[in-house]
Amino acid sequence: MTRIIPLLLATSLLTGCAVGPNYKAPVANASAKAPFMGAETPAFAATPAADHWWTMYGDPVLDGLVSDALAANTDIRVAAARVEAARASLTGARAPILLPETTLSASANRQRISSIQTIPGQSRERWAYDGGLALSYEVDAFGRLRRGIEAAKGDAAAAQADEDAVRLAVVSDTVRAYLDAATSAEREKVAQETVDLLDRSIRITGARVDVGRSDRLDLIRVTALRDQQAATIPQLQADRQAALLRLATLTGRNPGDLPAALRTVIATPTLKQPIPVGDGAALLARRPDVRAAERRLAADTARIGVATADLFPRITLGASAGASALGGMDVTSSSASRWSLGPLVSWSIPNIVAARARIAAAKAESKASLAQFDGAVLVALEETERALSNLSHARQRADTLERARDEAMRAARISLARQREGQVDFLTVLDAQRTLAGAEADLVAARRASAFAEVDVFRALAGGWQTT
């Protein structure tokens, strides 16, 4: 019996070629691997995408939140469990190739036999004993098992890429939520500063009304403007609280368990160096959705072979040994022993129409997977180019609005000085203050949009989200 297992394994090495197509990974065309069109600005560098890209902001609070999210996020835990399930399926697919099926049996039962079958002088009732070990091993002559392993490998690799995609999304969402909380705090700070400025204008205007140098209508107008600005603060506070709650969920915390340092952040982190973007070839190798699509294509290609192998017979090598005894016989004696060894060829002649239909369905699934892979490549390139373009234009807009804010601030100061000298009326001053308040709000909103656009670039590039 100890020689049987090596014999079965050796036989499997002599089997024929696997039926069905051999997989060849699709190759993207040259233009897909080229440098990005939108990266030809000083905001970007052609160097490879950064590992742990969130550390480029130089913010320890943000670094800690991302680490917490990678360790405790529930979506990541779900994806990791699915990877474990896919790997377990792969182990199950490999088992018939590595080891034979083993059956161990033992029985003891009391029998009463027909009097016709009883030898005179013997009891009609007796004990019957039986025990044995049986081995069976399928010779993978047509590659059904090997194609199944290929499919399981593809499924496991696709599940791993899906987990990578979830990690990428969680990191990006965590950074975005942090930036949202910070920009909301900054917008609230600017709005409060504008309200404080208008409060000062109200005091000045009120004093001028008291001495007859200004009309009460001027006081009403500046008070209305002040209240309009004050009304934006509660919404900004709600936005900040929503971002903090989102951070709690992303990092696997209850809302009340967020770090205390997070609530003191009031400035939006900014990048002070160009963003490394690499090229199209590196992008397609990194993007988890592209890798998942390619691995699913490999799995579906292998399933064509699995379906095709059903057209052919299955060859099984079997061996068994055991002992059977009746009545008072010694179950360990040589007369009670039995054994068998030999191949078994079984061929359930398939319904050819149904079998061919299953093969055709497998081929169609493979075609669909190829189309999905091509689509994933196009989406990856589109998202990256769009993210690069959006960030470039968002930064341009922020730079322009910063200049506009500086000019509005200068105009407000000049108008206020000239009002004191009696050179302009209050409406001019009020208009300058209204313009300044709008310019401040627009600038902070533009910086917020620019920060979000940075995250979109990093997410599209799919670089450096790994924990190691």
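**Strands, long helices and ring stacks**

L104 stands opposite L133 in strand β3. That facing pair is a handy way into this predicted model, in which local features need a pLDDT of at least 70 and side-chain atom pairs count only at pLDDT 80 or more, while totals for chains, interfaces and linings use all residues. Residues are numbered from 1 along each chain as its sequence is written, and side-chain values use heavy atoms, with hydrogens and water left out.

Back to the strands. Helices and strands here are DSSP runs numbered from the N terminus (H or I over at least four residues for a helix, E over at least two for a strand). Strand β2 (residues 101-112) and strand β3 (residues 125-139) run antiparallel and are joined by twelve bridges; two strands count as paired if DSSP finds at least two bridges between them. Further along, N109 stands opposite A128 in β3. Strand β3 also has twelve bridges to strand β5 (residues 314-326), again in an antiparallel arrangement. There, G132 has G322 of β5 as its bridge partner. Strand β2 gets hardly any cover, with zero buried residues among its twelve. Buried means under 20% relative accessible area, exposed means over 50%, and partly exposed is in between (1.4 Å probe, protein chains only).

Next come the helices. Helix α4 takes up residues 144-210, and its 67 residues should span 99 Å at 1.5 Å a residue; the end C-alpha atoms sit 97 Å apart, which agrees. The expected span is 1.5 Å times one less than the number of residues. After α4 comes G212, with a positive phi near 80°. Helix α3 (residues 74-98) passes the check too: its 25 residues should span 36 Å, and 36 Å is the distance between its end C-alpha atoms. The buried residues in α3 include I76, A79, V83, A86, L90 and A93. An α-helix has 3.6 residues a turn, so residues three or four places apart point the same way. What the buried residues of α3 pack against is α2 and α4.

Turning to the rings, the structure holds three aromatic pairs. In one of them, W53 and F458 have ring centres 4.5 Å apart and planes at 10°, so they count as stacked. W53 belongs to the loop between β1 (44-45) and α2 (60-72), and F458 to helix α9 (residues 426-461), so this pair ties together parts 405 residues apart in sequence. W53 is buried, at 0% relative accessible area, and F458 is buried too, at 4%. The rings of F142 and F312 are also stacked, because their centres lie 4.7 Å apart with the planes at 20°. F142 is in the loop between β3 and α4, and F312 is in the loop between α7 and β5, so the pair ties together parts 170 residues apart in sequence. F142 is partly exposed at 25%, as is F312 at 32%. For the cut-offs, rings of Phe, Tyr and Trp (its six-membered ring) pair if their centres lie within 6.5 Å; planes under 30 degrees apart are stacked, over 60 edge-to-face, and the rest tilted. W53, W54 and F458 make up one aromatic cluster.

Two more buried residues show what sits around them. F44 lies in strand β1 and is buried, with a relative accessible area of 6%. Contact means heavy atoms within 4.5 Å. Leaving out residues up to four places away in sequence, F44 touches G38, A39, P274, I275, V277, L388, L391 and S392. The C-alpha atoms of F44 and P276 are separated by 5.8 Å, although their positions lie 232 residues apart along the chain. S450, placed in helix α9, is buried at 8% relative accessibility. Beyond its neighbours within four places in sequence, S450 is in contact with L391, A394 and R395.

From the UniProt record, an unreviewed entry lists residues 381-411 as "coiled-coil region". UniProt positions follow the numbering used here, feature names are shortened, and annotations may be inferred rather than shown by experiment. In the model, residues 381-411 are 100% helix and 0% strand, with end C-alpha atoms 45 Å apart.

Finally, there is confidence. pLDDT is the predictor's confidence in each residue, from 0 to 100. The chain averages 86, and 91% of the residues score at least 70. Among the elements of the chain, helix α7 (residues 288-309) has the highest mean, 96, and helix α1 (residues 4-13) the lowest, 46. Over residues 7-15 the pLDDT stays under 50, and the model has 13 contacts beyond four places in sequence for this stretch. Where pLDDT is low, the predicted coordinates should not be read in detail.
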